[in-house]
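Let's walk through this model together, beginning with a term we will need along the way and then moving from the whole chain to single residues.

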Amino acid sequence: MRTGPGQPGARGGDRLNESGAQAGTARNDDVVIEIRHVSKRFGDFVAVDDADFGILRGEFFSMLGPSGCGKTTTLRMIAGFEQPTEGEVRLDGNDVSRVPPYRRNVNTVFQRYELFPHMTVYDNVAFGPRSTKVPKPEIAERVRSMLEVVRLADLAHRKPAQLSGGQQQRVALARALVNYPSALLLDEPLGALDLKLRQTMQIELKRIQREVGITFVFVTHDQEEALTMSDRIAVMNEGRVEQIGTPEEIYHRPASVFVAGFIGVANLIPAVVASADGATAGVDAAGRRFPVPITDPAVRTGDAAVVMVRPERLHLSTTVPATDGAAVEVAVADLTFQGPVVRTALRTDDGTDLVAHVGPEDELPMLRPGDRLWASWEPDAACLLRAAPRNFPDE
């Protein structure tokens, strides 16, 4: 399809790979949205605390976190519905912190799609370019092209009430994209859909974003959505950005205990650093001493720490395994069938709880609660984090 002014620059393959708590930005001409030391307060409540990051042109960027973490407030400041208490919001290099929403080259799609019920699909999508006096031939070409992208060309003459929820969402996307904004802002747009449709729309959203090449800024509390669609993710907690990185970085190398616990399922094993030598630390945890790669350069001998291992990286065996990593003796506490894997709850002799995912490829006898096993993992499966309060929300 044809593209409008300001489209697109860097694509997902050119994304940044920061994994620090406050990631930097690329060259200025790669950045479409800049959040420069932005804070937002409502009275004494700090909704956003010194957010400082850039969003690249043409990337799918998600802000992820529990309710009340500041992600929607940050999105509303980008859209212009809220103004920063401190700092700047910049769009295409210009400070828009005090610019009203209708003068910003961004569009927003909310959880409720707010389609015009008396208009056809075609007229809903054409509403924006008609409002800006785009010539009729160009309107027709834009609408036709956009309906092809969202796969609704055959439904152009239907009314919204004649469409499914997923189809209505795609109409809302086409209407928001047809004026070629610098960025499309999406505030939990999948929240009203059932599970199967939500999973289908995750793939559709990413496909649409790649085809149009426009920056998508997506707000969600659903980790699966963010991991599935995003080029980069900003994980937020209590108003602060805890980490920005690719889905792989966020999942495998979290920057904090909060990120590790919020993204997916994580074994978080309390530990004490017994030695720190170069790239590896020796830690005392679960009644044993074993090596862990040092991912935080601030870790020192004697520090309280947390060893993070994902359940799929745990290997279970009935005998002591030969490994360069860690091996701890455990007892089976519970077993839960989850389709492709059995979620196996384990407990070490010192009372540390672990979870392992056991699949059909694992050569184990039929397990029962109380069975004694060995749980092991390779050195690169673990991540050493500084100890912090386990403040994980129930989501």
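Throughout this tour, a residue is called buried when its relative accessible area is under 20%, exposed when it is over 50%, and partly exposed in between. With that in hand, take D284 as a first case: its relative accessibility is 32%, so D284 counts as partly exposed. Please keep in mind that what you are looking at is a predicted model.

Now let's step back to the whole chain. The C-alpha trace spans about 75 × 45 × 40 Å along its principal axes. Its secondary structure comes to eight helices and 20 strands. Of the 395 residues in the protein chain, 51% count as buried. The chain exposes about 17900 Å², and carbon and sulfur atoms supply 49% of that area. How far apart in sequence are the residues that meet? Taking contacts between residues at least 6 apart in sequence, 69% join residues that are at least 24 apart.

A good place to zoom in is helix α2, residues 121–131, which has contacts with two other helices that we can follow in turn. Start with helix α4, residues 165–177: the axes of α2 and α4 come within 7 Å and cross at roughly 30 degrees. Angles under 35 degrees count as roughly parallel, and that makes α2 roughly parallel to α4. The crossing of this pair is right-handed. On the α2 side the contact is made by V121, N124 and V125, and on the α4 side by V171, A174 and R175. Sorted by class, this contact has four nonpolar residues, one polar and one charged.

The partner to look at next is helix α3, residues 136–149. Here the axes of α2 and α3 come within 10 Å and cross at roughly 130 degrees, which makes α2 oblique to α3. This crossing is right-handed. From α2 the contact draws on V121, Y122, V125, A126, P129 and R130, while α3 brings I139, A140, R142, V143 and L147. By class, the α2 contact with α3 has nine nonpolar residues, no polar ones and two charged ones. If you compare the two lists, you will find V121 and V125 of α2 in both the contact with α4 and the contact with α3.

Next, let's look at the backbone. Most residues other than glycine have a negative phi. Y180 has a positive phi of about 55 degrees although it is not a glycine. You can find Y180 in the loop between α4 and β7 (183–187). Is Y180 buried or exposed? At 3% relative accessibility, Y180 counts as buried. E238 also has a positive phi, in this case about 50 degrees, and is likewise not a glycine. E238 sits in the loop between β9 (232–237) and β10 (240–245). With a relative accessible area of 55%, E238 is exposed.

Finally, let's visit three residues that lie in strands, beginning with E86. E86 belongs to strand β4, residues 86–91, and at 38% relative accessibility E86 counts as partly exposed. What lies across from this residue? Leaving aside neighbours within four places in sequence, E86 is in contact with H37, V38, S39 and R41. The C-alpha atoms of E86 and K40 are separated by 6.7 Å, although these two residues are 46 residues apart along the chain.

P291 is found in strand β13, residues 288–293, and its relative accessibility of 29% makes P291 partly exposed. Not counting residues up to four places away in sequence, P291 touches T280, A281, D324 and G325. P291 and A382 are 91 residues apart in sequence, and their C-alpha atoms are 9.1 Å apart in space.

That brings us back to D284, the residue we began with. D284 is found in strand β12, residues 280–285. Setting aside neighbours within four places in sequence, D284 is in contact with P270, A271, V272, A274 and R289. D284 and F337 are 53 residues apart in sequence, and 32 Å separates their C-alpha atoms.

Conventions:
Residues are numbered from 1 along each chain as its sequence is written. This is a predicted model: local features need pLDDT of at least 70, side-chain atom pairs count only at pLDDT 80 or more; totals for chains, interfaces and linings use all residues. Side-chain values use heavy atoms; hydrogens and water are left out. Axes are lines fitted to C-alpha atoms, for helices over the stretch in contact, and angles run from 0 to 180 degrees between N-to-C directions. Helices (H or I, at least four residues) and strands (E, at least two) are DSSP runs, numbered from the N terminus. Angles under 35 degrees count as roughly parallel, over 145 as roughly antiparallel, 65 to 115 as roughly perpendicular and the rest as oblique. A crossing is left-handed if the near helix is turned anticlockwise from the far one by less than a right angle, and right-handed if clockwise. Contact means heavy atoms within 4.5 Å. Ala, Val, Leu, Ile, Met, Phe, Trp, Tyr, Cys and Pro count as nonpolar, Asp, Glu, Lys and Arg as charged, and the others, Gly among them, as polar. Buried means under 20% relative accessible area, exposed over 50%, partly exposed in between (1.4 Å probe, protein chains only). Accessible areas come from the Shrake-Rupley method with a 1.4 Å probe; for residues, only the protein chains shown count as cover.
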